[in-house]
Amino acid sequence: MPPAVPTKGVVVWLHDLDERDANAFSGLVKPHAPWVTFSCPLANARSVGCREGPTPAWFELDQLPVTEPPQVAPEGLWDSVKAVHERLDYLEQAMSIDSTRILLGGFGQGGALALAAGLAYRKPLAGILSHSGWACQPASELVSLAGSANAAVPIMLISGTEDEMVSAAAAQESARALRTAGMRSVIEKSFEGLEHKMYRSPR
């Protein structure tokens with residue numbers, strides 16, 4: 001058996017609305033990055049406006065597609081932010097790893113939560129990644145985070161031009177809102193023809 005590869009960093013990955021296999025992302029990526037530990041929490045099931053019946057969700061979501069940042073923060077957001085912060089604190093202590101070696105990211109609704117939780121975290125992270133997500137807080141709340149420990153860390157928003165759940169315009173407007181609020185290293189990248197998925201299927 002080959003020796004275990006020492007952990008050099010941690011990725012906390014937050015899944016999308018409706019996902020029940022929180023570890024799907026780590027299963028896809030881990031073979032390509034054996035030096036990274038993945039931590040993938042699962043959201044509690046709750047009722048949301050855009051779905052019938054309870055489903056794994058980080059916060060209330062009235063409708064899909066998401067086309068722009070909201071006017072008010074959604075119900076349940078801060079409970080999930082608190083849970084993410086507790087996960088980050090636990091990993092730092094349990095793994096004896098500095099917060100600057102932890103990347104916080106997510107897909108869809110999880111990407112939206114990654115932005116909110118990352119910017120509100122009291123210690124600097126390695127970076128924040130939102131894939132097919134959006135800024136789920138109004139501009140007034142984002143401005144209040146300009147002094148955040150993570151206001152200067154790399155923040156990347158990835159979107160697809162054919163995303164049927166979260167429009168590319170929502171991600172682009174979110175990037176503009178973050179820059180306007182004072183976040184100093186916001187990167188926004190849109191991929192032509194990409195739908196609401198992690199990658200484009202080969203043809």
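Two strands are taken as paired if DSSP finds at least two bridges between them. With that criterion in hand, the tour of this predicted model begins at the sheet.

Display the strands first. Six of them, 6 strands in an open sheet, follow the order 2-1-5-6-7-8, and their pairing is parallel. Select strand 2 (36-39) and strand 8 (186-191) next: these stand at the edges, and because each has a single partner strand, one side of each is left without a neighbour in the sheet. Looking across the sheet, one finds neighbouring strands turned by 15 degrees against each other on average, direction ignored.

Now select residues 9-14 and residues 102-107. These are strand 1 and strand 5, which run parallel and are joined by 5 bridges. Within this pair, Val-11 has Leu-103 of strand 5 as its bridge partner.

Add helix 3, residues 109-120. This helix packs on the sheet and touches strand 1, strand 5, strand 6 (127-131) and strand 7 (155-160). The direction of helix 3 makes about 145 degrees with that of strand 5.

Continue to helix 5, residues 168-181, which also packs on the sheet, where it touches strand 7 and strand 8. Relative to the direction of strand 8, that of helix 5 makes about 170 degrees.

The last stop is the largest pocket, with a volume of about 400 Å³. Select Leu-61, Asp-62, Gln-63, Glu-68 and Pro-70, the closest to the pocket centre of the 18 residues that line it. Colouring the lining by residue class shows 11 nonpolar, 3 polar and 4 charged residues.

Technical notes: Residues are numbered from 1 along each chain as its sequence is written. This is a predicted model: local features need pLDDT of at least 70, side-chain atom pairs count only at pLDDT 80 or more; totals for chains, interfaces and linings use all residues. Side-chain values use heavy atoms; hydrogens and water are left out. On a 1 Å grid over the protein atoms alone, a cavity is a set of points where a 1.4 Å probe fits but cannot get out, and a pocket is an open set with protein on both sides within 12 Å along at least five of seven lines; lining residues have an atom within 4 Å of a point. Grid points are joined across faces, edges and corners, and a volume is the space filled by probe spheres set on the points. Ala, Val, Leu, Ile, Met, Phe, Trp, Tyr, Cys and Pro count as nonpolar, Asp, Glu, Lys and Arg as charged, and the others, Gly among them, as polar. Helices (H or I, at least four residues) and strands (E, at least two) are DSSP runs, numbered from the N terminus. Axes are lines fitted to C-alpha atoms, for helices over the stretch in contact, and angles run from 0 to 180 degrees between N-to-C directions. Contact means heavy atoms within 4.5 Å.
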